[in-house]
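Visitor: Hey, got a minute to walk me through this one? I'd like the overall picture before we get into side chains.
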Amino acid sequence: MATTCKPFSVTIKGEPAAVLEEIKKAGKGKIEIKGNEKKGSIKVVKHKVTGTYKVTGQKITFELVEDEWYLSCSRVEDEIAKYFKGK
């Protein structure tokens, strides 16, 4: 049974297009990002989590659906946020 997590945001320092491209490369095989510097989709492979993202200025907001009943939304948020830390 899938769970929809409440939206959450991360704030970045760099240019959104460059940061997203860096995350795509660094997270290869673990996190997949498809889209552009304004919006797109995200997938956390090992946790079977999918969702969308939207960029507003330096803030990226994620809306996620997790398919593993034993995994909390906060853990999924932490998993994604770690890729953006310091960016």
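Guide: Sure. Keep in mind that this is a predicted model. The protein chain has two helices and six strands, and along the sequence they run β-β-α-β-β-β-β-α.

Visitor: What's the radius of gyration, and what would a compact globule have?
Guide: The protein chain comes out at 12 Å, which agrees with the value near 12 Å for a compact globule with 87 residues. Its C-alpha atoms fill a box of roughly 35 × 25 × 20 Å along the principal axes.

Visitor: How much of the chain is buried?
Guide: Buried residues are 37% of the 87. As for contacts between residues at least 6 apart in sequence, 47% of them join residues at least 24 apart.

Visitor: OK, the core. Which residues have the most contacts inside the largest nonpolar one?
Guide: Those are I60, F62, L64, I80 and F84, in a core of 23 residues. The elements giving two or more residues to this core are β2 (8-11), α1, β3 (31-35), β4 (39-44), β5 (49-56), β6 (59-66) and α2.

Visitor: Which element gives the largest share?
Guide: That's α2, with five residues.

Visitor: And F84, what does it touch?
Guide: Leaving out residues up to four places away in sequence, F84 touches V10, I12, V19, L20, I23, I33, I60 and F62. F84 also belongs to an aromatic cluster together with F8 and F62.

Visitor: Aromatics, nice. How many aromatic pairs are there in the whole structure?
Guide: Two turn up in the search. One of them is F8 with F62: the ring centres are 5.2 Å apart and the planes sit at 25 degrees, so the pair counts as stacked.

Visitor: Where do those two sit?
Guide: F8 is in strand β2 and F62 is in strand β6, so the pair ties together parts that are 54 residues apart in sequence.

Visitor: Are F8 and F62 buried or exposed?
Guide: F8 is buried, and F62 is buried too.

Visitor: Switching to strands. In what sense do β3 and β4 pair?
Guide: Antiparallel, over five bridges. The two strands make a hairpin, with three residues between them. Within that pairing, I33 stands opposite I42 in β4. You've met I33 already, as one of the residues that F84 touches.

Visitor: Now the charged stuff. How many salt bridges are there?
Guide: Three. Let's start with E21 and K24, whose side chains meet at 3.8 Å, N to O. Both are in helix α1 (residues 16-26), three residues apart, which is about one turn of the helix.

Visitor: How exposed are E21 and K24?
Guide: E21 is partly exposed, with a relative accessible area of 37%. K24 is partly exposed as well, at 26%.

Visitor: What's the next salt bridge, the one with K87?
Guide: K87 meets E22 there, with 2.8 Å from N to O. K87 lies in the segment after α2 (73-84) while E22 is in helix α1, so this pair ties together parts 65 residues apart in sequence.

Visitor: And how accessible are K87 and E22?
Guide: K87 has 24% relative accessibility and counts as partly exposed. E22 is also partly exposed, with a relative accessible area of 41%.

Visitor: Which residues make the salt bridge at 3.6 Å?
Guide: K82 and E79, N to O. They are three residues apart in helix α2, so about one helical turn separates them.

Visitor: Is E79 buried or exposed, and why?
Guide: E79 counts as buried, because its relative accessibility is 13% and buried means under 20%.

Visitor: Last one: K13. Where is it?
Guide: K13 lies in the loop between β2 and α1. With 71% relative accessibility, K13 counts as exposed.

Visitor: What does K13 touch?
Guide: Q58 and K87, again leaving out residues up to four places away in sequence. That's the K87 from the salt bridge with E22.

Visitor: And how far apart are K13 and K85?
Guide: Their C-alpha atoms are separated by 9.6 Å, with their positions 72 residues apart along the chain.

Notes:
Residues are numbered from 1 along each chain as its sequence is written. This is a predicted model: local features need pLDDT of at least 70, side-chain atom pairs count only at pLDDT 80 or more; totals for chains, interfaces and linings use all residues. Side-chain values use heavy atoms; hydrogens and water are left out. A salt bridge is a side-chain nitrogen of Lys or Arg within 4 Å of a carboxyl oxygen of Asp or Glu. Helices (H or I, at least four residues) and strands (E, at least two) are DSSP runs, numbered from the N terminus. Buried means under 20% relative accessible area, exposed over 50%, partly exposed in between (1.4 Å probe, protein chains only). A nonpolar core is a set of buried Ala, Val, Leu, Ile, Met, Phe, Trp, Tyr and Cys residues joined through side-chain atoms within 4.5 Å. Contact means heavy atoms within 4.5 Å. Rings of Phe, Tyr and Trp (its six-membered ring) pair if their centres lie within 6.5 Å; planes under 30 degrees apart count as stacked, over 60 as edge-to-face and the rest as tilted. Two strands pair if DSSP finds at least two bridges between them. The radius of gyration is taken over C-alpha atoms; the globule rule is 2.2 Å times the number of residues to the power 0.38.
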